[in-house]
Amino acid sequence: MATNAAGRKPETQLALVRRARKMNRILAETYPDAHCELDFRNPLELLVATILSAQCTDKRVNMVTPILFAKYPTVEDYAGADRSEMEEIIRSTGFFRAKTNSIIGMAQSVCESYGGEVPGKLKDLVTLPGVGRKTANVVLGNAFGVPGLTVDTHFQRLVRRFGWTEQTDPVKIEHCVGELLPRREWTIFSHRVIWHGRRICHARRPACGVCPLAALCPSYGAGPTAPAEATKLVRSGPFS
């Protein structure tokens, strides 16, 4: 049985599955245009953009990548890049030295181990420098059409608030949530929940009073419940 907030009865797994799927349907109605907010044209560009997005907003990444993608159109270009030139291009994304190491290392590994083509399997992607499960699932789901759950900070916060899991380890969270939703929904659900986290279910003061999930969320009341006050907290993209 799943543990809910104080005052609520424990849920059976079946009840939790039903509640989770209803919440997913509501999110689908609320965010019909939910999508990956990183700009890309192919798996390589998405992989690079996702590496850059660590500790950085998608808006900032999208300001940098047009220059980066134009200068390095192929994986071979990244593999042989001048480190100082790349660092200067991506400097504004933060941690630019580490990200440069990851991008160049990733590209060299793709060239050496995968014939210059970004691999389309999780077990291969996570062998690349700078690529963990979260980044791999972003690339698989959005560039290859392979369902995956993107367990970023928004995702972790929200599914725990939803009472879907008490886990704190991203891999365990991924497995718990994966058991609640159809596999075909994993990628789009990730976008929906990330959009919800950015727009309404904020870390410090969630806009509970205007949340479409209020009736199903055991954390209702974590933020203002008065609609007038909650409305002031709602944000819209793109996010800076």
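**Helix α1 and a positive surface patch**

Arg25 is part of helix α1, which covers residues 13–30. In this predicted model, Arg25 also belongs to a surface patch of positive charge, where it gathers with Arg21, Lys22 and Arg184.

**The annotated domain**

The unreviewed UniProt entry assigns the feature "domain: HhH-GPD" to residues 52–199. Within residues 52–199, helix accounts for 64% of the chain and strand for 0%. The C-alpha atoms at the two ends of this stretch are 22 Å apart.

**The cysteine binding site**

The same topic of annotation extends to four cysteines: in the unreviewed entry, UniProt records a "binding site" at Cys201, Cys208, Cys211 and Cys217. Although these residues span 17 residues in sequence, no two of their C-alpha atoms are more than 11.1 Å apart, so they gather at one spot. Cys201, Cys208, Cys211 and Cys217 also contribute to the lining of the largest cavity.

As to the chain context of this site, Cys208 is located in the loop that connects α11 (186–199) with α12 (227–231).

**Salt bridges**

The structure contains 11 salt bridges. One of them joins the side chains of Glu37 and Arg199, with an N to O distance of 3.3 Å. Glu37 is in the loop between α1 and α2 (43–52), whereas Arg199 is in helix α11, so this pair ties together parts that lie 162 residues apart in sequence. Arg199 is thus a partner in a salt bridge, while Arg184 takes part in the positive surface patch.

Key: Residues are numbered from 1 along each chain as its sequence is written. This is a predicted model: local features need pLDDT of at least 70, side-chain atom pairs count only at pLDDT 80 or more; totals for chains, interfaces and linings use all residues. Side-chain values use heavy atoms; hydrogens and water are left out. Patches are made of residues with over 30% relative accessible area and no salt bridge: like charges are joined within 9 Å, nonpolar side chains (Val, Leu, Ile, Met, Phe, Trp, Tyr) within 5 Å. Accessible areas come from the Shrake-Rupley method with a 1.4 Å probe; for residues, only the protein chains shown count as cover. A salt bridge is a side-chain nitrogen of Lys or Arg within 4 Å of a carboxyl oxygen of Asp or Glu. Lys and Arg count as positive and Asp and Glu as negative; His and the chain ends are not counted. The place of a charge is taken as NZ of Lys, CZ of Arg, CG of Asp or CD of Glu. Helices (H or I, at least four residues) and strands (E, at least two) are DSSP runs, numbered from the N terminus. UniProt positions are given in the numbering used here, feature names are shortened, and annotations may be inferred rather than shown by experiment. On a 1 Å grid over the protein atoms alone, a cavity is a set of points where a 1.4 Å probe fits but cannot get out, and a pocket is an open set with protein on both sides within 12 Å along at least five of seven lines; lining residues have an atom within 4 Å of a point.
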